[in-house]
Amino acid sequence: MKEDSKEVELSVSVDEYVIATIKKITQESIIATAKNIKKTLLEHNIENEKVLSVYEATIEILQNILKYAYGRKIDENKTREADGEFSLTYNRMKNEITLSATNLITTSQQKLIEQRINEIKDLNEKELRKYIREKLRSRRHIHADGSGFGFATIIAKAKNTPDITFEPLFGNVVKYSLKLVI
Amino acid sequence: MMENILLEKTDDTPKVVLDYDKGVIEFEGECYPENTYEFFEPIIKWIEEYFQTSGDKETTVNYKLTYFNSSTAQAIFDIFDIFDEHNHPNLHINWYITKGDRNAIKDFEEFKEEFEDLDIQLVEI
């Protein structure tokens with residue numbers, strides 16, 4: 001991905017069949033993508049609980065890109081637009097859905113993500129919920145966007161520890177990739 | 001007298017009813033707005049003012065959120081904090097979930113445990 005690249009590719013495939021593609025990550029495109037994913041997975045008779053987990057993780061991942069991606073644009077109405085890649089594949093044999101996301105971040109954001117990974121990587125579902133509750137308590141009345149535990153809510157929906165990689169690109173910019181299986 | 005507020009449901013924000021006359025506070029739908037704080041700021045302000053002026057008035061909270069993102073979870077937590085600070089015997093909270101939704105039950109149980117003095121009833125529909 002080039003520094004000045006403005007192309008965004010979001011795709012959803014079921015058994016390699018691409019059923020949705022959008023070009024920009026905006027709140028509008030997140031809503032459309034998430035609803036499309038939900039509808040499509042339900043049409044493939046995937047159990048409701050798994051579909052909801054995918055739906056919620058998709059929104060959380062895409063909103064994270066929208067809010068924190070390097071080079072994102074924000075207008076006077078606080079409407080954002082960001083670059084990134086997001087794909088979703090369904091493995092019918094394993095009944096697994098894989099969500100993959102890539103976007104640019106800064107090295108300080110990388111440190112923050114690594115710190116959060118270390119905090120939660122060995123936690124089971126119950127412990128993750130406790131972690132989220134403690135975050136909620138600690139941020140009482142801060143009154144600002146961003147919760148500080150969006151990452152944990154994504155991880156809580158995964159079958160196992162997600163694959164996360166950081167690839168230095170230029171200056172303080174890093175390519176951040178996340179892959180998780182639900 | 002405070003003005004009532006009615007916000008209609010959108011794709012990413014819930015229907016919100018803040019009715020001073022009837023003593024009803026209601027959230028219904030999904031909630032994952034782009035700017036969470038801006039959406040909730042006037043709601044939180046209204047609720048704070050409501051409890052400062054309504055005394056022990058009969059108050060019903062209908063919580064019918066089917067999905068909320070992590071930023072919204074913080075706002076909801078703050079709203080429950082206000083309920084807790086102003087708790088009285090005539091404050092009743094109905095927490096609606098879809099029957100059999102295990103994650104929603106876990107959310108309910110956690111809020112119930114966190115705000116143990118509040119009268120929070122689970123309503124499965």
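A residue counts as buried when its relative accessible area is under 20%, as exposed when that area is over 50%, and as partly exposed in between. The exercises below apply this to a predicted model.

**Exercise 1. Sort the two partners of a salt bridge: is Glu113(B) buried or exposed, and is Arg133(A) buried or exposed?**

Step 1. Begin with the pair itself: the side chains of Arg133(A) and Glu113(B) meet in a salt bridge, with 3.4 Å from N to O.

Step 2. Place the two residues, and you find that the pair crosses between chains, from helix α4 of chain A, which holds Arg133(A), to helix α3 of chain B, which holds Glu113(B).

Step 3. Compare each value with the cut-offs. Glu113(B) has a relative accessible area of 53%, so this residue is exposed, whereas Arg133(A), with a relative accessible area of 14%, is buried.

**Exercise 2. Examine two further salt bridges in the same way: which residue forms a salt bridge with Glu110(B), and which one meets Glu30(B)?**

Step 1. Glu110(B) forms a salt bridge with Arg129(A), and the closest N and O atoms of this pair are 3.3 Å apart. The pair crosses between chains, since Glu110(B) belongs to helix α3 (residues 102–114) of chain B and Arg129(A) to helix α4 of chain A.

Step 2. Test both residues against the cut-off of under 20%. Glu110(B) has a relative accessible area of 19% and is therefore buried, and Arg129(A), with a relative accessible area of 16%, is buried as well.

Step 3. Turn to Glu30(B), whose side chain meets that of Lys38(A) in a salt bridge of 3.6 Å, N to O. Because Glu30(B) lies in strand β3 (residues 24–31) of chain B and Lys38(A) in helix α1 of chain A, this pair joins two chains.

Step 4. Apply the cut-offs once again: Glu30(B) is buried, with a relative accessible area of 15%, while Lys38(A), at 22% relative accessibility, counts as partly exposed.

**Exercise 3. Follow the linked charges: which residues are linked with Glu125(A) in a network of salt bridges?**

Step 1. Start from Glu125(A), which forms a salt bridge with Lys106(B), the closest N and O atoms being 2.8 Å apart.

Step 2. Then list the whole network, in which Glu125(A) and Arg129(A) of chain A are linked with Lys106(B), Asp107(B) and Glu110(B) of chain B.

Step 3. Set this network beside the totals: the count is 9 salt bridges between chain A and chain B, and 15 salt bridges over all chains.

**Exercise 4. Describe the interface: how many residues does each chain bring to the contact, and which helix gives the most to the side of chain A?**

Step 1. Count the residues in contact, which are 35 from chain A and 30 from chain B.

Step 2. Consider the area next. The size of an interface is often given as the accessible area lost when the parts come together. Here chain A and chain B bury about 3000 Å² between them, with 39% of it on carbon and sulfur atoms.

Step 3. Add the polar contacts, for which the count between chain A and chain B is 19 residue pairs, both residues being at pLDDT 80 or more.

Step 4. Look at the helices of chain A: α1 (27–43), α2 (48–68), α4 (125–138) and α5 (150–156) each supply at least two residues of the side that touches chain B. Of these, α2(A) gives the most, with 10 residues.

Step 5. Finish with the classes of residue on this side of chain A, which are 8 nonpolar, 11 polar and 16 charged.

**Exercise 5. Study two serines of chain B: with which residue does the side chain of Ser70(B) make a polar contact, and with which does that of Ser71(B)?**

Step 1. Locate the serines, and you find Ser71(B) in helix α2 (residues 70–85) of chain B, with Ser70(B) placed in helix α2 of chain B too.

Step 2. Use the cut-off of under 20%. Ser70(B) is buried because its relative accessible area is 5%, and Ser71(B) is buried because its value is 8%.

Step 3. Identify the partners: a polar contact of 2.4 Å joins the side chains of Ser70(B) and Glu60(A), and the side chain of Ser71(B) makes a polar contact of 3.3 Å with the side chain of Lys67(A).

Definitions and conventions. Residues are numbered from 1 along each chain as its sequence is written. Chains are lettered from A and ligands numbered from 1 in the order in which they are written. This is a predicted model: local features need pLDDT of at least 70, side-chain atom pairs count only at pLDDT 80 or more; totals for chains, interfaces and linings use all residues. Side-chain values use heavy atoms; hydrogens and water are left out. Helices (H or I, at least four residues) and strands (E, at least two) are DSSP runs, numbered from the N terminus. Buried means under 20% relative accessible area, exposed over 50%, partly exposed in between (1.4 Å probe, protein chains only). A polar contact is a pair of N or O atoms within 3.5 Å; within protein, one must be able to donate a hydrogen and the other to accept it, and residues adjacent in sequence count only if both atoms are side-chain atoms. Contact means heavy atoms within 4.5 Å. Buried area is the accessible area (1.4 Å probe) that two parts lose on being put together, summed over both. A salt bridge is a side-chain nitrogen of Lys or Arg within 4 Å of a carboxyl oxygen of Asp or Glu. Ala, Val, Leu, Ile, Met, Phe, Trp, Tyr, Cys and Pro count as nonpolar, Asp, Glu, Lys and Arg as charged, and the others, Gly among them, as polar.
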